[in-house]
Amino acid sequence: MSRYRHSAEQRLADIDYTRLTQLTQLKDSLHSPEEAHKTFMKLYQEIFPRPQTSLPRIHLKTGTQPPVKLRAYESVQEVSRHQPHGKPAQESLMNHVIKALKKFPIERSQSEHHVIYKLLKGVHSLTSQLGSQELKQISAVTTIETWDRGQIIFGHNGFYLVLKGSVKPFNHETLKEDQTVTTIAAGGSFGCCKPVNAVDGGAIIQCVMTLETCEILKISHSGYEKLKKDILAQDHEVKLSLIQGCQLYLHWPKLSINHLVDGMQLKTFPANQVLVKEGKICPFVAFIGRGECNIFQDVRSLIKPLDKKGCRIRFVMVGKLGPKQSFGEVSILLNQLSPCTVITATEVHGGIIQPECLKGLDSVTTSLILQTAQPMCGKLSEEEVLKEFLTQERMKKWEHEKRKILSDALFYNGIHPGRGKWAFNRGPRGVTGKSKKTI
């Protein structure tokens with residue numbers, strides 16, 4: 001009983017009895033039915049008062065801004081913290097690089113190596129000395145040194161980049177500061193990656209004195225030379241695998257393979273790029289590592305004139321080239337015109353040998369190439385090309401008709417590819433109800 005009494009009292013407490021009394025006395029004060037109806041509906045809504053929700057009070061100190069502005073200011077600070085611009089961005093990058101360089105190279109993560117690379121690729125004095133591949137791997141040999149104020153640093157044994165602090169060029173012979181050169185601040189550099197005798201030593205600062213505590217990135221000559229040897233060894237292994245991967249060169253002597261490796265350049269071609277044109281000498285010898293190429297031959301009997309200046313040539317695909325295959329050797333060495341056109345079907349990674357390098361090989365290696373290599377595609381007769389072209393056109397037309405018939409059959413039977421035919425009604429708590437067929 002107490003529970004029901006409590007709920008009744010709670011319901012009574014939610015009624016405004018003053019408005020209720022006015023509502024009961026409404027018929028005595030008004031004569032017009034329309035006016036009485038409007039007044040009744042207005043008072044009836046006010047009988048049940050709605051509870052007012054109040055937000056917690058915010059205590060502001062004297063001189064502070066309203067809460068909304070404070071939150072907006074904090075959000076701007078948060079955005080600027082994650083997306084710094086200008087000088088703060090450079091300082092933030094420097095701090096990240098210093099933190100990463102404090103670790104041994106073997107302990108640095110991939111993201112830390114990327115941060116170091118991001119900083120170094122913006123240093124012009126370094127990018128002018130290193131190639132792109134060397135710059136990507138230079139993080140493996142970079143170290144950091146901390147120097148106190150007033151110390152002298154000799155830059156004859158490496159490349160130095162000031163990350164924090166500033167230095168002043170110093171003449172170690174006269175033991176005086178070099179007044180002709182300005183102070184080197186954070187982001188400046190001195191020294192060189194290569195030995196001084198291999199470059200113009202007069203244009204490079206070789207000695208500095210610290211004006212404050214400095215954090216300096218260092219690339220030593222020994223580390224740079226080791227990096228170059230590692231990169232050359234990696235390239236040599238990749239080129240060797242490209243040549244030995246081809247079945248035609250599998251049993252070649254190592255000395256002759258090394259001659260080809262020395263003249264090879266690693267290269268990547270995008271999709272749909274013409275590598276060889278029909279009727280032209282191949283511009284290079286190519287060894288395919290990854291990717292595919294299509295071989296085309298023109299159908300001269302189906303040449304259609306477009307206008308007075310040119311004509312449209314129809315091509316037919318007569319073959320493909322894939323990984324562990326090569327082309328261009330016979331065309332270059334015998335000065336033969338290519339019987340077909342080669343176009344990349346996908347992105348192709350491999351190696352190429354320029355004509356001057358191939359023709360500069362010794363007679364033994366040249367003879368081996370002519371005995372080993374084969375033409376990429378035999379020249380088909382005009383009748384064979386036309387027959388192959390008509391066969392491929394019929395196959396294209398049949399594939400198109402087949403897809404159209406199948407699509408129409410599915411559509412007129414209420415079936416749409418990619419969409420389900422049955423929908424399930426899910427009840428409460430994930431219980432699956434009866435299935436219903438969609439229309």
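## A residue in a loop

N335 sits in the loop that runs between α12 and β15 (341-344). Although N335 is not a glycine, its phi is positive, at about 55°. N335 counts as partly exposed because its relative accessible area is 48%, which falls between the 20% and 50% cut-offs. Please keep in mind while reading that this is a predicted model.

A second loop offers another example. N272 lies between β9 and β10, and its phi, near 65°, is positive in a residue other than glycine. Is N272 buried or exposed? With a relative accessible area of 65%, N272 is exposed.

## The protein as a whole

Let us step back for a moment. The protein has 439 residues, and 30% of them are buried. Its secondary structure comes to 15 helices and 18 strands.

How do parts far along the chain meet? Take the contacts between residues at least 6 apart in sequence: 73% of these join residues at least 24 apart.

## The largest nonpolar core

Which residues have the most contacts inside the largest nonpolar core? They are Y249, F287 and I369, in a core of 35 residues. Several elements each supply at least two residues of this core: the helices α10 (221-245), α11 (254-262) and α12 (329-333), together with the strands β9 (264-269), β10 (274-276), β11 (285-290), β12 (293-305) and β16 (348-353). The largest share, 4 residues, comes from β11.

F287 is a good place to look in detail. Leaving out residues up to four places away in sequence, F287 touches L242, I243, C246, Y249, M264, Q325, S326, E329, G350, G351 and I353. Apart from this core lies another one, of 25 residues, with L135, V141, L163 and L217 among them.

## A cavity inside

How many cavities of 30 Å³ or more does a search of the whole structure find? The search finds 1. The volume of the largest cavity is about 50 Å³.

Its lining is made of F269, L275, A286, F287, I288, C293, F327, V348, H349, G350, G351 and I352. Here F287 appears again, as one of the lining residues. Both β11 and β16 supply at least two residues of the lining, and β16 gives the largest share, with 5 residues. By character, the lining residues divide into 9 nonpolar and 3 polar, with no charged ones.

## Helix α10

Helix α10, which contributes at least two residues to the largest core, has 25 residues. From its first C-alpha to its last, α10 reaches 36 Å, close to the 36 Å expected at 1.5 Å a residue.

Which residues of α10 are buried? They are H221, G223, Y224, L227, I231, D235, K239, L240, L242, I243 and G245. As a general point, an α-helix has 3.6 residues a turn, so residues three or four places apart point the same way. Among the buried residues of α10, L242 and I243 are also touched by F287.

## Two buried residues in strands

N294 belongs to strand β12. N294 counts as buried because its relative accessibility is 14%, under the 20% cut-off. Setting aside neighbours within four places in sequence, N294 is in contact with M317, G319, K320, T341, V342, I343 and A345.

K218 is found in strand β8 (residues 214-220). K218 is likewise counted as buried, with a relative accessibility of 13%. Beyond its neighbours within four places in sequence, K218 makes contact with V141, T142, T143, E145, N157, F159 and Y160. One of these contacts, V141, is a member of the core of 25 residues.

## Two more places to visit

Strand β2 (residues 152-154) holds I152, which is partly exposed with a relative accessible area of 33%. I152 and F170 are 18 residues apart in sequence, and their C-alpha atoms are 7.8 Å apart in space. Not counting neighbours within four places in sequence, I152 is in contact with W147, F170, C207, V208 and M209.

V115 lies in helix α7 (residues 110-120). Which residues does V115 touch, apart from those up to four places away in sequence? They are L93, H96 and V97. Between V115 and H96 there are 7.3 Å from C-alpha to C-alpha, for residues 19 apart along the chain.

Definitions and conventions. Residues numbered from 1 in each chain as written. Predicted model: local features only at pLDDT ≥ 70, side-chain atom pairs only at ≥ 80, totals over all residues. Heavy atoms only, no water. Core = buried A, V, L, I, M, F, W, Y, C linked by side-chain atoms within 4.5 Å. Buried < 20%, exposed > 50% of the residue type's maximum accessible area, 1.4 Å probe, protein only. Contact = heavy atoms within 4.5 Å. 1 Å grid on protein atoms, 1.4 Å probe; cavity = no way out; pocket = protein on both sides within 12 Å on 5 of 7 lines; lining within 4 Å. Points joined across faces, edges and corners; volume = space filled by probe spheres on them. Nonpolar A, V, L, I, M, F, W, Y, C, P; charged D, E, K, R; others polar. Expected span 1.5 Å × (residues − 1).
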